[in-house]
Amino acid sequence: MNFPEDRQYHAGHLWAQQRPDGVWRIGVTDFAQDQLGGVIFVDLPEVGAAFAQGESCASIESVKVTSDALMPVSGEVTAVNAALADAPELCNDDPYGEGWFVEVRRTAPDEDGALTAAAYAALVQH
């Protein structure tokens, strides 16, 4: 499993990475995409929607199950990955790159709950 050190993780199996422009990009972890199997549909929120950390921000449908995507950080959606509409398999093929879900402006930058890559790896290896 791959857990890049340049992002924060949430026990809900999503990651958050601060971009150079200050927004945070959110996506599903390598562990989660592996557990889901082949992703066939992702229902993303609208730009402008706001979510608290741990709240469902998207629905992921795979060949195995439909799951809620839980926000790793609180924020307001500034962009969604429109490419997932035609190519949901990007979540499996490139979960830390082209398979991202949304970008958000954080609304609670000092909140707790984020895990380092090492802490997340330890969590999912139990």
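**Stop 1: a patch on the surface**

Start by selecting Ile40, Phe41 and Val63. In this predicted model, these three residues form a nonpolar patch on the surface. Together they have about 300 Å² of accessible area. Now keep only Ile40 selected and look at the backbone around it: Ile40 belongs to strand β4, which runs over residues 39-43. Its relative accessibility is 46%, so isoleucine 40 counts as partly exposed.

**Stop 2: the annotated lysine**

Next, select Lys64. The UniProt record, an unreviewed entry, annotates Lys64 as "modified residue: N6-lipoyllysine". Where does lysine 64 sit along the chain? Look in the loop between β6 and β7 (66-70). Is lysine 64 buried or exposed? With a relative accessibility of 58%, lysine 64 counts as exposed. To see what lysine 64 touches, show Asp34, Gln35, Leu36 and Gly37; this list leaves out residues up to four places away in sequence.

**Stop 3: the annotated domain**

Now colour residues 23-105. The same kind of source comes in here: the UniProt annotation "domain: Lipoyl-binding", from an unreviewed entry, covers this stretch. Over residues 23-105, the chain is 41% strand and 18% helix. Pick the C-alpha atoms at the two ends of the stretch, and you will find them 5 Å apart.

While you are here, select Ala32, which is found in helix α1. Alanine 32 has a relative accessible area of 10%, so this residue is buried. Draw a line from its C-alpha atom to that of valine 73: the two residues are 41 apart along the chain, and their C-alpha atoms are separated by 17 Å.

**Stop 4: into the core**

In soluble globular proteins, nonpolar side chains tend to be buried together. To look at this here, select Phe101 and Val104. These are the residues with the most contacts inside the largest nonpolar core, which has 25 residues. Which elements each supply at least two residues of this core? They are β2, β3 (24-28), α1 (30-36), β4, β6 (56-62), α3 (90-93) and β9 (102-106).

A second core of 10 residues is separate from this one, and includes Trp100, Tyr120, Ala121 and Val124.

Go back to Phe101 and show what surrounds it. Leaving aside neighbours within four places in sequence, phenylalanine 101 is in contact with a list of residues including Leu14, Ile26, Val42, Ile60, Val80 and Cys91.

From there, step to Ile26, which lies in strand β3. Isoleucine 26 has 0% relative accessibility and therefore counts as buried. Among its contacts, not counting neighbours within four places in sequence, are Trp15, Pro72, Trp100, Phe101 and Val104. For another distance to try, join the C-alpha atoms of isoleucine 26 and glutamine 8: these residues are 18 apart in sequence, and the line spans 9.6 Å.

**Stop 5: three salt bridges**

How many salt bridges does a search of the whole structure find? There are three, and you can visit each one.

- Select Arg25 and Glu103. Their closest N and O atoms are 2.6 Å apart, forming a salt bridge. Arginine 25 is in strand β3 and glutamate 103 in strand β9, so this pair ties together parts that are 78 residues apart in sequence. Both of these residues are buried.
- Select Asp6 and Arg7. In this salt bridge, the closest N and O atoms are 2.9 Å apart. Arginine 7 is buried, with a relative accessible area of 9%, whereas aspartate 6, at 46% relative accessibility, counts as partly exposed.
- Select Arg106 and Glu111. Here the side chains meet in a salt bridge at 3.4 Å, N to O. Arginine 106 has 18% relative accessibility, so it counts as buried.

**Stop 6: an unusual backbone angle**

Finish at His13, in the loop between β1 (8-9) and β2 (14-18). What is the phi of histidine 13? The angle is near 75°, a positive value in a residue other than glycine. For context, most residues other than glycine have a negative phi. Histidine 13 has a relative accessible area of 25%, so this residue is partly exposed.

Notes. Residues are numbered from 1 along each chain as its sequence is written. This is a predicted model: local features need pLDDT of at least 70, side-chain atom pairs count only at pLDDT 80 or more; totals for chains, interfaces and linings use all residues. Side-chain values use heavy atoms; hydrogens and water are left out. Patches are made of residues with over 30% relative accessible area and no salt bridge: like charges are joined within 9 Å, nonpolar side chains (Val, Leu, Ile, Met, Phe, Trp, Tyr) within 5 Å. Accessible areas come from the Shrake-Rupley method with a 1.4 Å probe; for residues, only the protein chains shown count as cover. A salt bridge is a side-chain nitrogen of Lys or Arg within 4 Å of a carboxyl oxygen of Asp or Glu. Helices (H or I, at least four residues) and strands (E, at least two) are DSSP runs, numbered from the N terminus. Buried means under 20% relative accessible area, exposed over 50%, partly exposed in between (1.4 Å probe, protein chains only). A nonpolar core is a set of buried Ala, Val, Leu, Ile, Met, Phe, Trp, Tyr and Cys residues joined through side-chain atoms within 4.5 Å. Contact means heavy atoms within 4.5 Å. UniProt positions are given in the numbering used here, feature names are shortened, and annotations may be inferred rather than shown by experiment.
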